[in-house]
Amino acid sequence: MHELNQLAKLKKINIPKNWSTTLIVELLALNVSKAELQTLRERTSKTRTESTAVTTIRITNLVKQFGNINAVDGVTLEIREGELFSLLGPNGAGKTTILNILTGILKPTKGTVIIGGYNVSSNLEEIKTKIGVCPQQAAVFNFLSARENIEFFGNLHAIPRKELKERMEHLLEILDLVEVSTRKAKGYSGGMLRKLNLIIALISDPEIAFLDEPTVGMDPRARRATWDFIETLKKRHKTIILTTHYIEEAEALSDRVGILDYGKLIELGTPQELLERYGANNLEEVFLNITGRRIVEGI
Ligand SMILES: Nc1ncnc2c1ncn2[C@@H]1O[C@H](COP(=O)(O)OP(=O)(O)O)[C@@H](O)[C@H]1O
Ligand SMILES: [Mg+2]
């Protein structure tokens with residue numbers, strides 16, 4: 001943080017005191033040279049890898065077929081405790097299918113998934129106490145307000161009343177939903193629904209959060225608030241697995257990314273490693289180098 005501020009000073013950029021690291025990095029990214037950005041990234045990825053060690057999710061030879069479509073085609077992957085892991089890939093690559101299998105919504109055709117020592121196929125109940133899921137499609141009651149929705153889902157987790165209330169106020173506040181929180185969800189914008197879904201996913205304060213396209217449909221300000229929030233989860237040593245097609249965000253904030261294409265994991269590593277491996281300037285270029293196509297096409 002100190003180094004970021006120094007760099008900002010050097011560049012004569014005024015940074016308000018209450019800005020988060022994410023915001024500053026984003027702003028600097030627009031104003032610094034490639035070499036400076038590289039140094040920044042190296043520094044961030046160094047501090048990140050030092051803090052990760054224990055494997056919490058182990059996916060082995062995972063296959064999911066829908067008829068003759070191989071939605072997931074032999075994925076093997078380990079995700080570590082406290083890691084912010086992003087699955088990147090074009091529309092239809094299999095990201096949602098993988099998350100749905102990890103969270104017990106879909107059964108795999110083949111392969112195993114172990115989460116926190118438990119097998120998803122046989123010990124889903126134990127796993128459910130550890131995880132929070134934010135699905136791709138908004139899953140809230142339209143006829144209830146944000147507060148009522150949060151209370152409803154919070155009660156499913158049997159969270160003590162006072163704790164539920166405190167968490168709800170905190171989450172509504174940081175995701176900037178307080179003002180609309182008593183209005184029925186029916187009239188919410190796509191971005192507001194995403195935020196509400198995120199709060200519901202995290203109301204039990206789970207160890208592991210699965211977030212499927214958490215920032216889709218949000219305006220830049222809401223996206224930033226969401227990423228800042230995801231960063232605070234990371235600081236609290238939560239494991240976060242997310243999918244996104246906002247590649248720059250994944251690149252700046254993920255510890256590691258897995259690139260998926262046609263159900264196969266075609267690359268895996270820290271953003272920095274992947275950029276170096278392909279001599280690329282960003283992850284979009286990495287994907288382009290491997291496949292000859294762009295990730296964002298068709299999303
Ligand atoms: N329930 C389903 N029935 C049939 N095909 C499906 C179903 N769900 C996903 N698919 C197919 O599986 C592939 C992967 O989809 P999905 O996991 O949603 O991709 P992504 O989230 O990366 O966009 C796509 O070809 C999609 O059409
Ligand atoms: Mg999807």
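Here are five short exercises on this predicted model, each with a worked solution.

**Exercise 1. Getting oriented**

Find how many helices and strands the protein has, and what share of its residues is buried.

*Solution.* Start with the secondary structure: it comes to 12 helices and 10 strands. Next, turn to burial: of the 299 residues in the protein, 37% are buried. Finally, look at the contacts with a separation of 6 or more: 65% of them join residues 24 or more positions apart.

**Exercise 2. Strand S3 and its neighbours**

Work out whether the residues of strand S3 (residues 84–88) are buried or exposed, and which way each of them points.

*Solution.* Begin with the count: 5 of the 5 residues in S3 are buried, and the strand is mostly covered. Now sort the residues by direction. Leu84, Ser86 and Leu88 point one way, while Phe85 and Leu87 point the other way. This is a pattern to recognise, because side chains in a regular strand alternate between the two faces of the sheet.

Then look for the pairing partners. S3 pairs with strand S8 (residues 239–243) in the parallel sense, over 4 bridges. Within that pairing, Phe85 has Ile241 of S8 as its bridge partner. S3 also pairs with strand S9 (residues 256–261), again parallel and over 4 bridges. There, Ile259 of S9 stands opposite Leu88.

**Exercise 3. An open sheet**

Give the strand order of the open sheet of 4 strands, and say which strands lie at its edges.

*Solution.* Read across the sheet: the order is S2-S1-S4-S5, and the pairing is antiparallel. The edge strands each pair on one side only, and they are strand S2 (69–80) and S5. To finish, zoom in on one pair. Strand S1 (residues 55–66) joins S2 in the antiparallel sense over 9 bridges, and Lys64 stands opposite Val72 in S2.

**Exercise 4. Two helix pairs**

Describe how helix H11 (residues 271–278) packs with helix H12 (residues 283–291), then do likewise for helix H6 (residues 146–156) and helix H7 (residues 161–174).

*Solution.* A good place to start is the geometry, since two packed helices are described by the angle and the distance between their axes.

- *H11 and H12.* Their axes come within 9 Å and cross at roughly 45 degrees. At that angle, H11 is therefore oblique to H12. The crossing is left-handed. On the H11 side, the contact uses Pro271, Leu274, Leu275 and Tyr278, and on the H12 side Leu283, Glu285, Val286 and Asn289. By type, these residues divide into 6 nonpolar, 1 polar and 1 charged.
- *H6 and H7.* Here the angle is about 135 degrees, with the axes 11 Å apart. Angles over 145 degrees count as roughly antiparallel, and this pair is therefore oblique. The crossing of H6 and H7 is right-handed. Ala146, Arg147, Ile150, Glu151 and Gly154 of H6 meet Leu164, Met168 and Leu172 of H7. This contact divides into 5 nonpolar, 1 polar and 2 charged residues.

**Exercise 5. A loop residue**

Locate Ser122 in the chain, and explain why it is classed as exposed.

*Solution.* First, place the residue: Ser122 is in the loop between strand S5 (118–119) and helix H5 (124–128). Next, recall the cut-off, by which a residue is exposed if 12 or fewer other C-beta atoms lie within 10 Å of its own. Ser122 has 9 such atoms within 10 Å, so it is exposed. As a last step, relate it to Gly104: the two are 18 residues apart in sequence, and their C-alpha atoms are 10.0 Å apart in space.

Methods: Residues numbered from 1 in each chain as written. Chains lettered and ligands numbered in written order. Predicted model: local features only at pLDDT ≥ 70, side-chain atom pairs only at ≥ 80, totals over all residues. Buried ≥ 20, exposed ≤ 12 C-beta atoms within 10 Å, placed from the backbone. Pairing = 2+ DSSP bridges. Axes fitted to C-alpha atoms, helices over the stretch in contact; angles between N-to-C directions. Parallel < 35°, antiparallel > 145°, perpendicular 65-115°, else oblique. Left-handed = near helix turned anticlockwise from the far one by under 90°. Contact = placed C-beta atoms within 7 Å. Nonpolar A, V, L, I, M, F, W, Y, C, P; charged D, E, K, R; others polar.
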